[in-house]
Amino acid sequence: MHPRHARYDDGPSERRVIVVGDNGLTLRFIKHLIERYAFHVTAVFADGPGGQRDEIRREAEVNRKLQVFSQPEVTAETVRLAGLTDAYAVALMDQNDVGNLHLALKIREMSHYLGDETLPRLVIRMYNSGLRANIQKLLGDDEDGVYVQSDADMVADTYALAALQQLPPGEIDIWGRRLYLSRQREDRAEAQWVVAGGNQAGIELIPEDDNEALRFLWLSPDRKQGRLRPRLTNATLAVKEAVSALRGLLTKSLVVLALVLFAVFAFGFAVLHFWPSGANPPDGDGEVFYLLALMAGGGIDPDMEASRLLKVTQAVVVLTGSLLIPFATGAIVQAVVDRRYALSEGRRTRHVREHVIVVGLGNMGTRVVERLRESKIPVVAIEKHRDAMGVRAARAKGAQVLLGDASNQEILEEANVKHCRSLVAMAKQDEANLEAALSGLECNPNLRTVMRIYNPEFAALIRQNLNRATPPQGAPPHASYSAPEVASASFAQALTDDKVLVTIPVRGHIAYIEAFEVGEGSMMDDAAAHRATKVGSHRLIAVKRAGGSISWNPDAAFRVGHGDTLLVVATRKGLNDILERCRPGGADW
């Protein structure tokens, strides 16, 4: 565990975090640290106006836990003067990958130079995925107190899950099994537990029963017993994509050609079968097909003694066969040319259904397309600007890209909005996203929409009004999220949850999945499993024996011993509670 990282600290904290940056994400990140986790924060940025500096200064005037430290230029020395040696963590939130990396390296070097053995935790915002994946070679990884993530990646996961009407955090892999979150009980579940319940009056985590349950955590059947299902699913998706691509090549000319050829060869087959030639009588249907193929290629000797009907049939089949190759070649070339023209003009190149429409191919929109394509979901993207950075990336992932205004109903109809799964509006402007979603609803009143809205309060109001006809336990068809709000919450959690396995957001509340080893002489040593469950605090999911065997959803009489590991879903206070119960020697240890 990192030296400065106290686990599950719930009480008022005097720990200080230095936050470097003044962009749209920074202020929300600071508020999360102060309001949800009770940190003290020092905001560091350059003197003068710019970004959200004025908003941060005004917040510091009314919030005693926030201080502002500014100098003409932000350097490692600036961070030192802001209190580096006493800081619990430093968060580098500028939209400058190289600048953040340079400052992080200087901060580490300075900490060693100052003889600070308990290095501050580093949280680094970084967009470049290649640089982010290899940064541990320079700074270390999470075990070394370094957390590097892209806000675009964090947000993309949320929007992609919403597009498929799945609940975050999506698929959960723990101890070789797969868990999911749902709004209703799942019939396929091997076991399931209530995570949250409530109504318009409020939310209760880890409730006593499933009355007014809002979230269920359920265990998927053992994947070893159902290995064929994912393979069949992947094969089905591959076949659908292949058929969709083939449809894109089937122009009207090719369809007419295929129908004419089918009619000619069907007629020829009937004549050869029922009125055969005396010189070359076929023996069975196989030889009829053989003769028909030879005739189509012009490779059969004429039979002057044949009937007039047979002669006419042979002549028609031979002429049709001789015309087949040039006609088909021309039709295929025309189809290829049409497809290239459609690509250059930003038109749809093939038929598609059950797809997701993504509006806007900026950083976040492109990430959403990539997430969906990783799950083999067909995607049609709509982008106004031909030279947008995400156009080529989206096409490389197999998505179709239409160039145009997504608020234009003609563009939406070309994207086949009437038969799509959902529309995800990811443009940078709230107005463009709202307009695209509302235009989509005009074309398809049953459309599911997901919108990127900057202001979290505005996003909540849009979501509530569009879903006002949906019951609380139902799956709302419309979602709207503030990207900075989602990303700032994820960055803030990186400073608090050292070993938490999974974080589950539920309407502004957070539940956690965590594993605890039972210590010798602890309150859980040689105790019944039901003592690892407490209403409103924590609920036992599974027990892993010291030998490796796992019992999911053990009954109340199941005995737990030291060396066993408990998997629980809990509130933040519940994590502290179960930690004390598993601590060697009990709470007084």
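Here are a few friendly notes on one sheet and one pocket of this predicted model.

1. A good place to begin is the open sheet, which is built from 5 strands. Reading across the sheet, their order is 18-19-24-21-22, with antiparallel pairing. From one strand to the next, the twist averages 25°.

2. Next, look at the borders of that sheet. Strand 18 (502–506) and strand 22 (550–552) stand at the edges and have a single partner strand each, so one side of each is left without a neighbour in the sheet.

3. Moving inward, strand 19 (residues 509–517) and strand 24 (residues 565–570) run antiparallel and are joined by 6 bridges. To find your way along this pair, you can use A515, which stands opposite L567 in strand 24.

4. The sheet also has a helix to look for. Helix 18 (residues 572–582) lies across strand 19, strand 21 (538–544) and strand 24. Relative to strand 19, helix 18 runs at about 15°.

5. Now turn to the second largest pocket, whose volume is about 540 Å³. Its lining is made of 23 residues, and those that lie nearest the centre are Q95, R125, D151, M364 and R452. By type, the lining residues divide into 10 nonpolar, 6 polar and 7 charged.

6. Which helices supply at least two residues each to the lining of the second largest pocket? They are helix 1 (24–36), helix 7 (151–163), helix 12 (363–374) and helix 17 (483–493). Helix 17 gives the most to this lining, with 3 residues.

Conventions. Residues are numbered from 1 along each chain as its sequence is written. This is a predicted model: local features need pLDDT of at least 70, side-chain atom pairs count only at pLDDT 80 or more; totals for chains, interfaces and linings use all residues. Side-chain values use heavy atoms; hydrogens and water are left out. Two strands pair if DSSP finds at least two bridges between them. Helices (H or I, at least four residues) and strands (E, at least two) are DSSP runs, numbered from the N terminus. Axes are lines fitted to C-alpha atoms, for helices over the stretch in contact, and angles run from 0 to 180 degrees between N-to-C directions. Contact means heavy atoms within 4.5 Å. On a 1 Å grid over the protein atoms alone, a cavity is a set of points where a 1.4 Å probe fits but cannot get out, and a pocket is an open set with protein on both sides within 12 Å along at least five of seven lines; lining residues have an atom within 4 Å of a point. Grid points are joined across faces, edges and corners, and a volume is the space filled by probe spheres set on the points. Ala, Val, Leu, Ile, Met, Phe, Trp, Tyr, Cys and Pro count as nonpolar, Asp, Glu, Lys and Arg as charged, and the others, Gly among them, as polar.
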